[in-house]
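Trainee: I have a model open and would like to go through it with some questions. Where should we start?

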Amino acid sequence: MQNNTRTKKLHIRKNDTVKIIAGNSKGKTGKIISILKKEQKAIVQGCNMVIKHLKPTAANTKGGIIKKEAPIHISNIMVVYSGVASRIGRKLDDTGKLKRYSKKGGVFI
């Protein structure tokens with residue numbers, strides 16, 4: 001039996017500008033901070049904010065309440081290119097490399 005643990009390629013990358021299309025932050029745009037490939041989630045700057053309660057520690061003697069970004073499933077994210085949210089495809093360019101392109105504008109990203 002073969003162990004098939006390969007992860008699929010994603011339509012998003014770190015530092016892409018994206019638009020949230022579902023959930024509490026629907027309609028917001030932001031930059032991708034990090035991607036959790038195994039969970040198929042991404043953390044978007046300024047979107048899907050949650051409140052976290054911190055215990056006092058040696059580094060942070062007071063503790064307190066902070067707001068931070070929570071991961072969003074990648075199915076709820078669309079890449080924004082030149083101001084328009086679009087689906088992403090892959091096709092060969094002139095040099096024979098497989099590149100991402102915007103399906104709405106047909107332009108390589």
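Mentor: Start with a term: a residue is buried under 20% relative accessible area, exposed over 50%, and partly exposed in between. Keep in mind that this is a predicted model.

Trainee: Which side chains along β1 point to one face and are buried?

Mentor: The side chains of β1 alternate between two faces. Thr17 and Lys19 point to one of them and are not buried. The side chains on the other face are buried, and they belong to Val18 and Ile20.

Trainee: In what order do the six strands of the open sheet run?

Mentor: Strands of a sheet pair through backbone hydrogen bonds, either parallel or antiparallel. In this open sheet the pairing is antiparallel. The edge strands are β6 (72-73) and β8 (84-86), each of which pairs on one side only. Read across, the order is β6-β3-β2-β1-β7-β8.

Trainee: How many bridges join β1 to β2, and which residue in β2 is the bridge partner of Thr17?

Mentor: β1 and β2 run antiparallel and are joined by three bridges. Thr17 has its bridge partner in β2, and that partner is Lys31.

Trainee: Which residues in β7 stand opposite Val18 and Lys19?

Mentor: β1 covers residues 17-20 and β7 covers residues 77-81, and the two pair in the antiparallel sense over three bridges. Val18, one of the buried side chains of β1, stands opposite Val79. Lys19, which is not buried, stands opposite Met78.

Trainee: Which residue in β8 is the bridge partner of Val79?

Mentor: β7 and β8 run antiparallel, with three bridges between them. They form a hairpin with two residues between the strands, and Ser82 in the turn has a positive phi of about 50°. The β8 partner of Val79 is Ser86.

Trainee: Over how many bridges do β2 and β3 pair?

Mentor: Strand β2 takes in residues 29-36 and strand β3 residues 41-44. One facing pair is Ile35 with Ala42 in β3. The two strands are antiparallel, and the number of bridges is four.

Trainee: How many residues apart in sequence are the salt-bridge partners Asp16 and Arg100?

Mentor: The closest N and O atoms of Asp16 and Arg100 are 2.9 Å apart, which is within the 4 Å limit, so the pair counts as a salt bridge. The pair links distant parts of the chain: Asp16 is in the segment before β1 and Arg100 is in strand β10. Their separation in sequence is 84 residues.

Trainee: Are Asp16 and Arg100 buried or exposed?

Mentor: Asp16 has a relative accessible area of 12%, and Arg100 has 6%. Because the cut-off is under 20%, Asp16 is buried, and Arg100 is likewise buried.

Trainee: How many salt bridges does a search of the whole structure find, and why does Lys99 count as partly exposed?

Mentor: The search finds two salt bridges. One of them joins the side chains of Asp93 and Lys99, at 3.5 Å from N to O. Asp93 is buried, at 16%. Lys99 counts as partly exposed because its relative accessibility is 36%.

Trainee: Over the faces of which rings does Lys91 lie?

Mentor: Lys91 is placed over one ring face at 4.4 Å from the ring centre, and that ring belongs to Tyr101. Over a further ring face, Lys91 is 5.9 Å from the centre, and that ring belongs to Phe108.

Trainee: Which residues make the nonpolar surface patch of about 230 Å²?

Mentor: One member, Val107, lies in the segment after β10 (98-102). Val107 is partly exposed because its relative accessible area is 40%. The patch is made by Tyr81, Val107 and Ile109.

Trainee: How far apart in space are Ala22 and Ser75?

Mentor: Ala22 is in the loop between β1 and β2, and is partly exposed at 29%. In sequence, Ala22 and Ser75 are 53 residues apart. In space, C-alpha to C-alpha, the distance is 8.7 Å.

Trainee: What is the phi of Asn15?

Mentor: Asn15 is found in the segment before β1, and is partly exposed at 48%. Its phi is a positive value in a residue other than glycine, near 75°.

How values were computed: Residues numbered from 1 in each chain as written. Predicted model: local features only at pLDDT ≥ 70, side-chain atom pairs only at ≥ 80, totals over all residues. Heavy atoms only, no water. Patch = residues over 30% accessible without salt bridge, like charges linked within 9 Å, V, L, I, M, F, W, Y side chains within 5 Å. Areas by Shrake-Rupley, 256 points an atom, 1.4 Å probe, with all protein chains shown as cover. Buried < 20%, exposed > 50% of the residue type's maximum accessible area, 1.4 Å probe, protein only. Lys NZ or Arg CZ within 6 Å of the ring centre and 35° of its normal. Pairing = 2+ DSSP bridges.
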